[in-house]
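Trainee: Before we discuss this complex, could you put the sequence and the structure in front of us, so that I can ask about it step by step?

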Amino acid sequence: MSARLASVVVFVAASTLVARAQNAAFSTKVEAVRVDVLVTDKGQPVRGLTPADFEIFDNGVLQQVDLVSFEQIPLNVILALDMSDSVAGERLDHLRIAGHALLNGLKKDDQAALVTFRRDVTLDADLTTDAAAVRAALDEAEPAGATALVDGAYSAIVVGESDVGRALLIVFSDGLDTSSWLPSESVLESAKRSDVVAYAVSVGRARAEFLRDLTSFTGGRLFEIEKTANLSAIFLSVLEEFRQRYLVSYTPHGVARDGWHRLTVRVKRGGTVKARPGYLAGS
Amino acid sequence: MRRSLAALLCLAGVVVNAAAPPVSPRIARVERWLKAVLTHEPGTSDDAFGAVAAWPMASVGALWVDLNSLVALMRNPRIARFDIRQPGQRVTQSIRYTPNDMHRLRILACAAAGLVQHQECLALKAGAETDGDLLRLARLAEASVRRGDANYVLRRGALLHTDVAMASPAATEPIEPPGSAAPQRLRLSLDDGFGKGLGQSAVHWEIARMLLDHVQPAGSDKADPAHDDMVRRWYRATAAWMQSRENYETLHLDRARGIFPDDPDILFLNGALHETYAAPHIQSAVHGVSLPSGMTFDLDSDHGEFRRAEGFLRRAVTLQPDFSEAHLRLGHVLLRLGKPADAVKELTQAIATGDDDLLRYYAALFSGAAREALGDFEAAAESYARAAELQPSAQSPHLALSSIARRRGDRSGALREIRLVFELASGSEDDDPWWTYHTAQARNADDLLAELIQPFLSGSDR
């Protein structure tokens, strides 16, 4: 059963190269696991790896890697941006410039979406290949009120899961969460169940525990910065790094379905591997 | 009696300018203060209000000291020694005045207490050294005494400073080293989870509290604010006002609780205050600020603040078992303390004893979270769905429903609820009461204040 389902995933993953509108409705039952993996050697990305080069251990059990994709699969980039009061002014200018730079760096089949959060959470632009529409939405977003960072991040994760493409979530916040309903633990649990890879930029004095955990659990990275002048460079470096990642897929066997699955990813020929530390399955 | 006092008033107006010995600016300020108390219409920004509001903080601090002396003299015109103790301090400080200042302060106390005709005040020739405004004040104070309330200036003075304090709650000046007998209050402004601007604030609230500390109930010759209904209503209204404006002052409710230890409303507001103190934006902002040496914010960890809140709210519901909003807040606090089963009990009580849609919304939302924490996702989803029905414009229940769907592996359900969240996106804080939960306990603050000042409005008592 699981082998057949796994093949469905492979098929759909491949089909996204040509057919974008697929919906991931089947994904609730699929047991295949996708892991975004960055492999570097002396800081430089390692290219040309095949399934045979990877070893994936799920709860210590070596798995059969089904598929490794590199660059072929378009990206779904979800920007989740803090639009609370404290962003107003120069920070907003830098954020818009950085957002534009990132959107300009997308390829033709890549999609982008914009989620902003104040005390409420807004979908300013749904996933689309029309980068201009997302740019326009970013230009129109205005800061106001408190910061629902956790609610915003969660909503963006769900948007990221709404399409079968590889989802890159970029969260930007300059503040502490002051108005979310969802507890951070609950959202981190959702992140552990998700294929979305989260990167985050935390500006200023805010303690960024939530963003640190979010990026850690999803295999992304947290940038903690004081000033936003170089935000464009950070956004572009995130995009560049994500493009260098392999999408490795396997169907778990020899492990219990539910609960936390500790992942270990290795590359036989050596190198530094960055991937999410595990995933959560079952309720 | 009233006619003779009026006649005296006319005479005094002539005499006072010629005979009054020079006094210090501090005592002159006390006199101006009494005249402001006389003319101020509570709840308004009239000239008297404007005059007092314009005084520098150092002057207001000195006024606190001199009003302590004035009030002592009002109660006993013969005393000659003033030992001032700041709220919460053990050490007293002796205040000394020059003979001229002392004399003038006694005259002012005679007028403020409506005692111009009393033996001690007559001996001071208080009437002769009192101008028309002060004699009018004396007449009103005396009339109040005849009605059984010897607290005319105390109550009206407190209301004047209440108005000033409420008009510019965030006003601060640079911090100066403590040097006088007056209390020093530091105020931290918060913005989006950060402390911005630590400054020294004027002690208007301290003056109001101090004045009301000396209120004597009808028929008593001893200060006993605990048995005065106006003082009780003042603390309820002002504490609610502070919370409604996110203008927090622990001392205020500590004092209220000290006077009214068994008042469920005051215990409730204490609970709500400490519940708010546990919030991340307060914790982060306060713990991130460097205070001058020797000064502290009275703030515990978030867990400690929730524990404090639990204690106050438990007492409130013990004293008033049908206090639905106290049950609600207690349920939320218990949820945050990791006691979801206990939280469910309190929230069930809140729903059983209350019929307010707002409270039912909160109770449904918190019940959902408590049941989710207990692993009962079915019941949690039902609670959240009920919250969504009660507040169709709110995002929070749909975020919660989405999260539950996600936990259960139902990605399409999670997405469906998030789409609803996006459809409900709104800049209006009214759309989701969760966003204003930290001030909702004080939503009746303006009504309480209106009820408080109503007996003091023109025509009511003068």
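Trainee: How many helices and strands are there in chain A?
Mentor: This is a predicted model, and the counts are therefore those of the predicted coordinates of chain A. In that chain, buried residues make up 50% of the 283 residues, and of the contacts between residues at least 6 apart in sequence, 75% join residues at least 24 apart. The secondary structure of chain A comprises 7 helices and 15 strands.

Trainee: Which strands stand at the edges of the open sheet of 6 strands in chain A?
Mentor: The order in this sheet is β8-β7-β6-β9-β10-β11 of chain A, with mixed pairing, and the twist from one strand to the next averages 10°. An edge strand pairs on one side only, and in chain A the strands that do so are β8 and β11 (222-225).

Trainee: In what sense do β6 and β7 of chain A pair, and which residue of β7(A) stands opposite A:A80?
Mentor: Strand β6 (residues 75-82) and strand β7 (residues 111-117), both of chain A, are joined over 7 bridges, and their sense is parallel. Within β7(A), the residue opposite A:A80 is A:V115.

Trainee: How many bridges join β7(A) to β8(A), and how many residues lie between them in the hairpin?
Mentor: These two strands of chain A run antiparallel and are joined by 5 bridges, with A:A112 having A:T128 of β8(A) as its bridge partner. Together β7(A) and β8(A) form a hairpin, and the number of residues between them is 3.

Trainee: Is β8(A) mostly covered or mostly open, and what angle does the helix α3 of chain A make with it?
Mentor: In β8(A), 6 of the 8 residues are buried, and the strand is mostly covered. Helix α3 (residues 131-140) of chain A packs on the sheet and touches both β7 and β8 of chain A. The direction of this helix makes an angle with that of β8(A) of about 165°.

Trainee: Is A:D130 buried or exposed?
Mentor: A:D130 lies in the loop between β8 and α3 of chain A, and its C-alpha is 9.1 Å from that of A:D110, although the two are 20 residues apart in sequence. Within 10 Å of A:D130 there are 11 other C-beta atoms, and since a residue counts as exposed at 12 or fewer, A:D130 is exposed.

Trainee: Why is one side of β4 and of β15 of chain A left without a neighbour in the sheet?
Mentor: These strands belong to an open sheet of 4 strands with the order β4-β3-β13-β15 of chain A and antiparallel pairing, in which neighbouring strands are turned by 30° against each other on average, direction ignored. Strand β3 (residues 54-58) of chain A pairs with β4(A) over 3 bridges, and A:F57 stands opposite A:L62 there. One side is left free because β4 (61-63) and β15 (278-281) of chain A stand at the edges, each with a single partner strand.

Trainee: Which helix gives the largest share of the largest nonpolar core?
Mentor: This core has 201 residues, and those that touch the most other members include A:A80, A:V115 and B:L34. The largest share, 11 residues, comes from chain B, namely from helix α4 (residues 57-75). Beyond residues up to four places away in sequence, A:A80 touches, among others, A:F117, A:A153 and A:L169, but the helix asked for is α4 of chain B.

Trainee: Which element gives the largest share of the side of chain A that touches chain B?
Mentor: In the model, 36 residues of chain A are in contact with 32 residues of chain B, and those of chain A divide into 12 nonpolar, 14 polar and 10 charged. The elements of chain A that give two or more residues are β8 (121-128), α4 (149-160) and α5 (184-192). The largest share, 4 residues, comes from α4(A).

Trainee: Over which residues of chain B is the pLDDT below 50?
Mentor: The predictor gives the complex an ipTM of 0.86 and a pTM of 0.87, and chain B averages a pLDDT of 89, with 94% of the residues scoring at least 70. Where pLDDT is low, the predicted coordinates should not be read in detail. In chain B, the pLDDT is below 50 over residues 1-18.

Terms used: Residues numbered from 1 in each chain as written. Chains lettered and ligands numbered in written order. Predicted model: local features only at pLDDT ≥ 70, side-chain atom pairs only at ≥ 80, totals over all residues. Contact = placed C-beta atoms within 7 Å. Nonpolar A, V, L, I, M, F, W, Y, C, P; charged D, E, K, R; others polar. Core = buried A, V, L, I, M, F, W, Y, C linked by C-beta atoms within 7 Å. Buried ≥ 20, exposed ≤ 12 C-beta atoms within 10 Å, placed from the backbone. Pairing = 2+ DSSP bridges. Axes fitted to C-alpha atoms, helices over the stretch in contact; angles between N-to-C directions. pLDDT = per-residue confidence, 0-100.
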